[in-house]
Amino acid sequence: MERYRKTIYCDWDFLESYISILGGKTPDIDMPFCENNEVAQCVKELLLSSDVKLFINASKDKFDEKLKNIEKKRKNAAKKGREVGLTLFEKLLHYIDMKQQNNLLHVHFNSVDIDFENLSQQEKFLNAMFFTSSPKEVCQKAMDDYGVIVICAENINDFCHLLYGNGTAIRKQETNKWSSCLATEKPIPCNSLIIVDNYILSKTDLIKENLTDILDTLIPSRLSSKIDFQITIFTSSLNNAKDRLQNVTDMLKALRPEMTFSVAIVKSSSDNFHDRNIISNNILVSCGGGFDLFKLGKSQKTTTVSLHNPFITFTEQWSRKAYSDILHDALKVYDASPKFGENNIGDTYPNFMLGESRNRLIEILR
């Protein structure tokens, strides 16, 4: 089973403008690219990682022509016994080519311009990240409208806080709330969620106190009317499934009355999932104590909460595999769950799906 790799679309012009950010300090082509520079390292981790599928928005012929010129320079320098004089941009392209030849990078070429005004034109765009030469204002609007991360040379520093994970330690009976535990320096765009917790829908009072605050914290304040925000909840302890789905739907309508939601609940065996996790198209949240943690403003357990962006993170590389594993497990359960109401399937059945049977986080694996 191939692990999930984040799709990244990168403008050719961004690669050139990105080089200008680095200034004159660039390593040799045979050394790890962009060492000792946090902003540059963030870009390296996204663009030059085997954990992503990189689509460069240019023709393959354009890339090959540049590589031919680089090779000519290298041969001429070797004949004269001199060090090759490559530009900073040429060093980057040469490095990308070396990683691709060694099967350490998955590079594709995409010469179609991406319309940030209408990312909903292709569903795959809603699960991707973008590196673009477009102005900062265009990037921000795309993030606000479609819940995706769009990075340009002007706003790249705004994402440095995602290089390192966020975490909170909570003691039993400590006063706290999810909006504090899940707080980040800046809101992280998203357009879909998968929530995995065997008990999150088991008690009405805990649903109201916990799930309301979690959703209000993670869901953006608005999205374009062209797309729906998709949520799938995987749980094992579930009674009155229709009522629970209605509870969640009503909650979302009250929180974001201007947004459209597609919500599903998947009941599955407790053996399918043990850890409690939430993933969006851009984050991974884990809580050992569960997402029904608080009662009357106090924690019911001593536990920890962690939040990472698995693909921008510089330190928690394990979170990329964790994200992929959760997605694959969710897909397996998702596909094995019959529809509630069909063939007399009801609340007492060990597994079923109720609600909107689609989630773009899961569909991207197909």
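**View 1. Arg-358, partly exposed, and its salt bridge with Asp-228.** At a relative accessibility of 36%, Arg-358 counts as partly exposed, a class that lies between buried (under 20% relative accessible area) and exposed (over 50%), computed with a 1.4 Å probe on protein chains only. Its partner Asp-228, by contrast, is buried, with a relative accessible area of 10%. The two residues form a salt bridge in which the closest N and O atoms are 2.8 Å apart, the term meaning a side-chain nitrogen of Lys or Arg within 4 Å of a carboxyl oxygen of Asp or Glu. This pair links distant parts of the chain, 130 residues apart: Asp-228 is in the loop between helix H7 (204-218) and strand S8 (229-235), and Arg-358 is in the loop between strand S15 (352-355) and helix H10 (360-363). Helices (H or I, at least four residues) and strands (E, at least two) are DSSP runs numbered from the N terminus.

The structure is a predicted model, in which local features need pLDDT of at least 70 and side-chain atom pairs count only at pLDDT 80 or more, while totals for chains, interfaces and linings use all residues. Residues are numbered from 1 along each chain as its sequence is written, and side-chain values use heavy atoms, with hydrogens and water left out.

**View 2. The salt bridge between Glu-90 and Lys-73****.** The closest N and O atoms of Glu-90 and Lys-73 are 3.0 Å apart. Glu-90 in helix H4 (residues 88-101) and Lys-73 in helix H3 (residues 60-79) are 17 residues apart, and the pair links distant parts of the chain. Glu-90 counts as buried at 10% relative accessibility, whereas Lys-73, with a relative accessible area of 34%, is partly exposed.

**View 3. A salt bridge within helix H9, between Asp-325 and Lys-321****.** Here the closest N and O atoms are 2.9 Å apart. Because Asp-325 and Lys-321 are four residues apart in helix H9 (residues 318-335), they are separated by about one helical turn. Lys-321 is exposed, with a relative accessible area of 53%, and Asp-325 counts as partly exposed at 31% relative accessibility.

**View 4. Lys-6, buried yet without a salt bridge****.** Lys-6 lies in strand S1 (residues 6-11), and the nearest side chain of opposite charge, Glu-123, is 12 Å away, where Lys and Arg count as positive and Asp and Glu as negative, and His and the chain ends are not counted. A polar atom of the Lys-6 side chain lies 2.5 Å from the backbone oxygen of Asn-281.

Definitions and conventions:
A polar contact is a pair of N or O atoms within 3.5 Å; within protein, one must be able to donate a hydrogen and the other to accept it, and residues adjacent in sequence count only if both atoms are side-chain atoms.
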